[in-house]
Amino acid sequence: MGLQDFWFIALAALFVGFFVLEGFDFGVGMLMAFFGRVGDDDPEKHRRAALNTIGPVWDGNEVWVIVAIGATFAAFPPWYATMLSAEYLPVLLILLALIGRGVAFEYRGKVDSDRWRRGWDLVILLGSWIPPLGWGLIITGVATGLPIGKDGVLVGGMGGLFTWPAVLGALALAGFSLVHGAVFVALKTDGDIRARARALALRFGPFCLLPMAALMVLVQVRQGGLVTMLVAAVGLLAGAVAFVRLSAGREGQAFALLGVLIAGATLSLFGSDFPNIIASTSAPSFSLTVANASSSPYTLGVISWVAAFGAPAILVYQGWTYWVFRRRISAAHIPPVHVP
């Protein structure tokens, strides 16, 4: 296996890490309207408890996509240029959503006002829905093909991005994030919030994951091989077992199994397109491949050495962060509102 193939696999792994970690992160924000319902003894404490489950980790989770995009630029410059230029509108919406979401996390507690918090909760809600929808559209579009010309420019306008597989991919990643977020809240909280999150995942989880199952089957039927079919099958099996374990009260195992599901979906998508990076639906000869879109061997060698030292540091730091903040929380742990 050459460095070109290695970096294609490495980029797939980086996106797996991003979807596994940021998926539940987005899911918690997507469930803002669900926590703190009317009738709770203190709705604000319930919402704060849910948000506190991701408070120490949400910004670290975003490192994965930053590294993935940076590595794409270094290892496969034409892939970077074509993907981000063709998908510039979804990318712009994702960036604006992430900026607003980060600001909302910091600002929602600055003023002791229900109206103030409701406004920022809406920003968190939108900032959590838009990125998974956008990334699902982008990654599925890249894996299943885009109408690009000889120069790598999108042909036919933005409408060419919204193919049925790409739209299905957007719904798939959003649905997965919703379920993963609910399971994570059940894993990290106690009391009424835990019971509510677990019930939500069990009741609506299978329905929310239907788009992902349909996408995996569709892609494998259209362009999959034996290896990618096996990877997809393992992912689907893990997703089904996750609900069995969740119903038994094993939230940790369910959370890990859902991680296997998104890993199987992502790797089978990337693998089904190999050796293409972006297949051109305009003409096969215009497709970007691992061979014609990679950087020079010298560049690939340099970034390989950088990754050899940088990747372990990121993994150790994030592992330490999750270990430190591993305990469950509940509304009873949330102190009264304090406005500086």
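This passage walks through the internal cavities of a predicted model, then turns to a cis peptide bond and to one buried threonine.

A good place to start is the empty space inside the protein. Rolling a probe the size of a water molecule over the atoms shows where such space is left. In this model, three cavities of 30 Å³ or more were found. The largest cavity holds about 130 Å³ of space, and the second largest has a volume of about 70 Å³.

The lining of the largest cavity is made up of 15 residues. Those lying nearest its centre are Thr140, Met212, Leu215, Ile262 and Leu269. Four helices each supply at least two residues of this lining: α7 (114–144), α8 (164–188), α10 (210–223) and α12 (251–273). In terms of residue class, eleven of the lining residues are nonpolar and four are polar, while no charged residue takes part.

The second largest cavity is lined by Phe8, Trp79, Ile139, Val142, Ala143, Phe270, Asp273, Asn276 and Ile277. Here, two or more residues come from each of α7, α12 and β1 (276–278). Helix α7 gives the most to this lining, with three residues. Sorted by class, the lining of the second largest cavity contains seven nonpolar residues, one polar residue and one charged residue. Readers following the two linings in the structure will meet α7 and α12 in both, since each of these helices supplies at least two residues to the largest cavity and two or more to the second largest.

The chain between α12 and β1 also deserves a look. Pro275 sits in the loop that joins these two elements. The peptide bond leading from Phe274 to Pro275 is cis, and its omega is near 5 degrees. On the β1 side of this loop, Asn276 and Ile277 belong to the lining of the second largest cavity, and so do Phe270 and Asp273.

The last stop is Thr72, a residue of helix α4 (residues 63–75). Is Thr72 buried or exposed? Thr72 is buried, because its relative accessible area is 0%, and buried means under 20%. The side chain of Thr72 reaches the backbone oxygen of Ala68 at 2.7 Å. Leaving aside residues up to four places away in sequence, Thr72 touches Leu11, Pro77, Trp79 and Tyr80. One of these partners, Trp79, links this part of the picture to the cavities, as Trp79 is also among the residues lining the second largest cavity.

How values were computed:
Residues are numbered from 1 along each chain as its sequence is written. This is a predicted model: local features need pLDDT of at least 70, side-chain atom pairs count only at pLDDT 80 or more; totals for chains, interfaces and linings use all residues. Side-chain values use heavy atoms; hydrogens and water are left out. On a 1 Å grid over the protein atoms alone, a cavity is a set of points where a 1.4 Å probe fits but cannot get out, and a pocket is an open set with protein on both sides within 12 Å along at least five of seven lines; lining residues have an atom within 4 Å of a point. Grid points are joined across faces, edges and corners, and a volume is the space filled by probe spheres set on the points. Ala, Val, Leu, Ile, Met, Phe, Trp, Tyr, Cys and Pro count as nonpolar, Asp, Glu, Lys and Arg as charged, and the others, Gly among them, as polar. Buried means under 20% relative accessible area, exposed over 50%, partly exposed in between (1.4 Å probe, protein chains only). A polar contact is a pair of N or O atoms within 3.5 Å; within protein, one must be able to donate a hydrogen and the other to accept it, and residues adjacent in sequence count only if both atoms are side-chain atoms. Contact means heavy atoms within 4.5 Å.
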